[in-house]
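Student: I have a structure open and would like to talk it through with you. Could we take it one question at a time?

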Amino acid sequence: MDTRNKGFNTKLVHAGIREDAHGSVVTPIYQTSTFAFRNAQQGANRFAGIEDGYIYTRIGNPTTSALEENVAQLENGFGATAMASGMGAVSTVYLALLSGGDHMVSTDSVYGPSRGLMEKHMSRFGVESTYVDTSDLENLAKAMKVNTKLVYIESPSNPAMSVTDIAAAAEIAHAAGALLVVDNTFASPHLQKPLDLGADVVLHSVTKFINGHADIVGGIVVAKTEALHKQIRAMLINLGANMDPHQSYMVSRGLKTLALRVERAEENASRIAPWLEAHPQVAWVRYIGLPSHPQHELARRQMTGFGSMISFELKGGMDAGRVVMDNVHLAGLAVSLGGVETLISHPASMTHAGMARESRLAAGITDGLVRLSVGIEDLDDILSDLHQALGHIGQVQQVEDPQLAGLP
Ligand code: LCS
């Protein structure tokens, strides 16, 4: 079925499915490393690109193609390339689009390893980078240099939840002859479509919302144009960070319920964020759906929802954070996010531990910041778990909380 003009939920369920001889309703797992040619001429034609068809699973596989086509349609891109991990996607994009002597400007609060890969490794090959708070576009404009080839933003960012104006960033990048890449992991294509806003490339850690079930690590890159898609795919084929067919099948399976999961988790998060903001032990809350978020209005304009990621700081700092994390029962104390289960983590000692402390603090990732990935469980159960965990800090156990009246 051609799903290109269908709605988002129809695309989620049907886009990219490969028909087979048996009428299988989902694309089966083509668990094969290689594909036999009918004859030598066919082999030569496939390598020459004269004839469509599969050659070798590192180069392409029907189960992976099904996922790639689905996500390309969801993001309104020309084509997608699936990777073994989100970092596989980030590294492929850096290597495909940057050369020695080039410069990249990026969001200061990007996922730690996306910055670490650039500052510790790409720098060895002569690629320069500047990290600024891209939520203020003046910082971005000022950081552009004559050799800036890439603007790489994460919006909302992990875990500072800062939001960058994608359309304006695209204008700044394009005016300087640079490309705009957006890490759309935190929003998912259900809530934000960076290519429609002017970005050239969008990438995801599909480990998070796209797969949504905490059972797979994976990544995907979607390019707006055929030329960019070919450039990224050529790099992936040589780099070898490809997604395998079993992994692709699992992600395609998880993806079908993306909208349902994202909407349900957001419903919970939109109630938990104000509850946390009103809690006496909480210093501040960063949730893009709260009017107190500095880019709340921008998020409302460029996204179709606020998602389910909440960062908050406890008045008692790191010590209080430890108490909360050691006392949650329902929420899992684990890194990662975007799954059906609620997870809680401490970025300063976990996902962003590799960053220099000054850079980390400058990017708004304070020592006491706690990150909550709200799941799809019953709201009352998540709230009562947080209530009892926060109750272990000091005397807060005595605090009456009318919002929790009636909870177990
Ligand atoms: N981009 C973002 C925004 C991420 O949050 C992550 C992983 C990646 C890229 C890399 O993806 P991966 O290779 O792990 O699939 N973020 C993680 C996090 O916050 N906790 O654990 C992983």
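Tutor: Happily! Helices and strands here are DSSP runs, helices of at least four residues and strands of at least two, numbered from the N terminus. Keep in mind that this is a predicted model.

Student: Thanks! In which loop is N76 found?
Tutor: N76 is a residue other than glycine with a positive phi, near 55°. Helix α3 covers 62-74 and strand β1 covers 79-83. N76 is therefore placed, by these DSSP runs, in the loop between α3 and β1.

Student: Which residue follows S155 across a cis peptide bond, and what is omega at the bond that joins N158 and P159?
Tutor: The peptide bond from S155 leads to P156 and is cis, with omega near -10°. P156 sits in the loop between β4 (148-154) and α7 (166-175), and P159 also lies in the loop between β4 and α7. The bond joining N158 and P159 is cis too, with omega about 0°.

Student: How much of the ligand's accessible area does the protein cover?
Tutor: Let's start with the contacts: side-chain N or O atoms of N158 and S205 are 2.9 Å and 2.8 Å from an oxygen atom of the ligand. A backbone N or O atom of S336 lies 2.9 Å from a ligand nitrogen. Of the 480 Å² that the ligand has on its own, the protein covers 93%.

Student: At what angle do α4 and α5 pack?
Tutor: M87, V90, S91 and Y94 in α4 meet P113, S114, L117 and M118 in α5. Those contact residues divide into 6 nonpolar, 2 polar and no charged. The crossing is right-handed, with axes 10 Å apart and an angle of about 35°.

Key:
Residues are numbered from 1 along each chain as its sequence is written. This is a predicted model: local features need pLDDT of at least 70, side-chain atom pairs count only at pLDDT 80 or more; totals for chains, interfaces and linings use all residues. Side-chain values use heavy atoms; hydrogens and water are left out. Axes are lines fitted to C-alpha atoms, for helices over the stretch in contact, and angles run from 0 to 180 degrees between N-to-C directions. A crossing is left-handed if the near helix is turned anticlockwise from the far one by less than a right angle, and right-handed if clockwise. Contact means heavy atoms within 4.5 Å. Ala, Val, Leu, Ile, Met, Phe, Trp, Tyr, Cys and Pro count as nonpolar, Asp, Glu, Lys and Arg as charged, and the others, Gly among them, as polar. A polar contact is a pair of N or O atoms within 3.5 Å; within protein, one must be able to donate a hydrogen and the other to accept it, and residues adjacent in sequence count only if both atoms are side-chain atoms. Accessible areas come from the Shrake-Rupley method with a 1.4 Å probe; for residues, only the protein chains shown count as cover.
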